[in-house]
Amino acid sequence: MTGSPVDEAGLSGLFDGGLSGPLSDGRRLSDGGGCPGRFGEGSRRSGRLPPGQAPVHRAHAGDFEPAGVGRRAPSGLHLTTPGLSGPRSDERINTVSQPAPAREGAQAVFGNGTAHSRDQHRCVAAAYDPVTLPRLAAAGVGPGWHCLEVGAGGGSIARWLAGRVAPGGSVLATDLDPRDLAPTPGLEVAVLDVARDPLPEAAYDLVVARLVLQHVPTRDAVLHKLVRALKPGGLLQIDEIDASYEPPLLTPDAEAEALYVRFLRAKTAALRAAGGDPHWGRKVPAALRAAGLTAIDVHLHIGVRHAQDPGLGLQLNHTRNLRDRLTEQGMTQEDLDGVGRLMRDPSFRAASSVLYSVQGRRPGRARS
């Protein structure tokens with residue numbers, strides 16, 4: 001089980017979603033969609049570009065007309081990281097001023113750029129940053145580190161990392177659709193389909209992916225790709241849930257309990273139909289070892305869902321965000337409205353899914 005966030009990580013009291021401690025600004029986390037809990041804005045940098053900030057590097061896997069280049073670049077992804085010397089593939093870096101669209105045919109289960117996605121990003125950050133960030137802090141992430149985040153979503157991890165690795169370090173935040181991300185000093189943003197695009201090898205001190213690989217059908221191959229992107233001694237952190245155990249504990253009656261269970265089963269079926277594995281969290285430690293990592297370190301986190309819990313806010317978000325997929329699994333709009341009312345009931349309680357936060361190191365000499 002995880003402990004409380006450590007002060008030296010710059011994390012104390014970031015959230016009140018089941019964790020104690022003061023908040024940095026006391027603002028409620030809600031956009032009307034309703035992720036409960038509070039988000040400590042002081043723990044991350046603003047997503048707004050300061051005056052004169054250069055446009056984001058959008059490394060995209062399609063064909064481009066790179067700035068200042070009079071011919072098209074070949075297909076494929078080229079990534080460079082500030083502070084690292086030279087290119088790491090045969091492709092060119094491409095800089096554009098707006099997010100490139102996701103590749104045709106590559107579609108995330110949870111799309112970005114919508115009110116639902118922004119609500120989801122806030123709920124994920126409020127529910128799981130108090131687990132993810134202290135783990136990274138305890139691992140020693142600090143000035144000079146070069147970091148890659150895959151599936152950065154709303155960017156809370158990447159922004160925190162950018163503050164930790166300065167001066168001299170860098171963070172590259174990638175997503176299939178990065179429109180909910182914004183660059184800041186020390187933080188670049190790039191389009192990446194991790195299942196298909198190449199990554200630079202032996203380039204990063206840290207690679208982190210949270211709630212991403214369970215949605216990728218080729219997750220084992222992707223995991224090996226992430227390992228190859230690490231420098232010798234580099235750290236990989238994978239945070240994933242196992243949704244096989246999240247039973248209701250207190251409901252108004254048996255009918256409400258059955259409705260909640262049916263919702264959970266429909267969501268699991270919907271994610272599996274899209275090629276995901278909602279139970280993959282428990283398999284992560286063995287997967288990291290099979291990928292050649294050593295010093296495997298596993299932390300588990302489980303909590304109680306209630307009306308003020310951001311984890312339950314995430315479940316509530318899914319009644320809207322996954323509505324079409326859930327109706328394909330037999331849920332009606334009446335069912336979804338009913339389970340939404342249940343989750344807003346102050347007396348409702350349920351066990352959360354189990355979050356596995358797993359770290360491993362690529363063999364070789366660790367950074368000094």
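# Exercises on a predicted model

Leaving aside neighbours within four places in sequence, Thr 319 is in contact with Phe 263, Leu 326, Leu 336, Val 339 and Met 343. The model used throughout these exercises is predicted.

## Exercise 1: The setting of Thr 319

Task: State which helix holds Thr 319, and decide whether Thr 319 counts as buried or exposed.

Solution. Begin with the secondary structure, where Thr 319 is placed in helix H6, which spans residues 310-321. Then turn to accessibility: a residue is called buried when its relative accessible area is under 20%. Thr 319 has a relative accessibility of 7%, and therefore counts as buried. The contacts with Phe 263, Leu 326, Leu 336, Val 339 and Met 343 can be read alongside this value.

## Exercise 2: Strand E1 and its partners

Task: Work out which way the side chains of strand E1 point, and find which residues stand opposite His 146 and Leu 148.

Solution. First consider the side chains: in a regular strand they alternate between the two faces of the sheet. In E1, His 146, Leu 148 and Val 150 point one way, while Cys 147 and Glu 149 point the other way, and all are buried. This agrees with the count for the strand, residues 146-150, in which 5 of 5 residues are buried.

Next, take the pairing with strand E2 (residues 170-175), which is parallel to E1 and joined to it over 5 bridges. Within this pair, His 146 stands opposite Ser 170. Between the two strands the chain passes through helix H2 (residues 156-165), and the resulting β-α-β crossover is right-handed.

Finally, take strand E4 (residues 204-210), which pairs with E1 in the parallel sense over 4 bridges. Here the bridge partner of Leu 148 is Val 207.

## Exercise 3: Backbone angles to check

Task: Identify the cis peptide bond, and say where Ala 202 and Leu 211 are found.

Solution. Start from the general expectation that most residues other than glycine have a negative phi, and that most peptide bonds are trans. Against that background, the bond joining Ala 166 and Pro 167 is cis, with omega about -5°. Pro 167 is placed in the loop between H2 and E2.

Then consider phi. Ala 202, although not a glycine, has a positive phi of about 50°, and lies in the loop between strand E3 (187-191) and E4. Leu 211 likewise has a positive phi, near 55°, and is found in the loop between E4 and helix H3 (219-229). As for accessibility, Ala 202 is partly exposed at 37%, whereas Leu 211 is buried at 18%.

## Exercise 4: Salt bridges across the sequence

Task: State how many salt bridges the structure holds, and determine which parts of the chain are tied together by the pair Arg 210 and Asp 129.

Solution. The structure holds 12 salt bridges. In one of them, Arg 210 meets Asp 129, with the closest N and O atoms 2.7 Å apart. Arg 210 lies in strand E4 and Asp 129 in helix H1 (residues 115-138), so the pair ties together parts that are 81 residues apart in sequence. Arg 210 counts as buried at 8% relative accessibility, and Asp 129 counts as buried at 1%.

The side chains of Asp 335 and Arg 262 also meet in a salt bridge, at 3.2 Å from N to O. Asp 335 lies in helix H8 (residues 333-344) and Arg 262 in helix H4 (residues 254-273), so this pair ties together parts that are 73 residues apart in sequence. Asp 335 is buried, with a relative accessible area of 14%, whereas Arg 262 is partly exposed at 38%. A network of salt bridges also links Arg 272, Asp 277 and Lys 283.

## Exercise 5: Two residues of strand E8

Task: Place strand E8 in its sheet, and set the accessibility of Val 304 beside that of Arg 305.

Solution. The sheet is open and has 3 strands in the order E6-E9-E8, with antiparallel pairing. Its edge strands are E6 (248-250) and E8, each of which pairs on one side only. E8 is joined to strand E9 (residues 349-351) by 2 bridges, and Val 304 of E8 stands opposite Ala 351.

Val 304 is partly exposed at 46%, and forms a nonpolar surface patch with Leu 249 and Leu 250, with about 280 Å² of accessible area together. Arg 305, by contrast, counts as buried at 4%. Arg 305 forms a salt bridge with Glu 246, the closest N and O atoms being 2.7 Å apart. This pair links distant parts of the chain, since Glu 246 lies in the loop between strand E5 (230-242) and E6, 59 residues apart from Arg 305. Glu 246 is also buried, with a relative accessible area of 6%.

Terms used
Residues are numbered from 1 along each chain as its sequence is written. This is a predicted model: local features need pLDDT of at least 70, side-chain atom pairs count only at pLDDT 80 or more; totals for chains, interfaces and linings use all residues. Side-chain values use heavy atoms; hydrogens and water are left out. Patches are made of residues with over 30% relative accessible area and no salt bridge: like charges are joined within 9 Å, nonpolar side chains (Val, Leu, Ile, Met, Phe, Trp, Tyr) within 5 Å. Accessible areas come from the Shrake-Rupley method with a 1.4 Å probe; for residues, only the protein chains shown count as cover. A salt bridge is a side-chain nitrogen of Lys or Arg within 4 Å of a carboxyl oxygen of Asp or Glu. Buried means under 20% relative accessible area, exposed over 50%, partly exposed in between (1.4 Å probe, protein chains only). Two strands pair if DSSP finds at least two bridges between them. A crossover is right-handed if, with the strands pointing away from the viewer, the path from the first strand over the helix to the second runs clockwise. Contact means heavy atoms within 4.5 Å.
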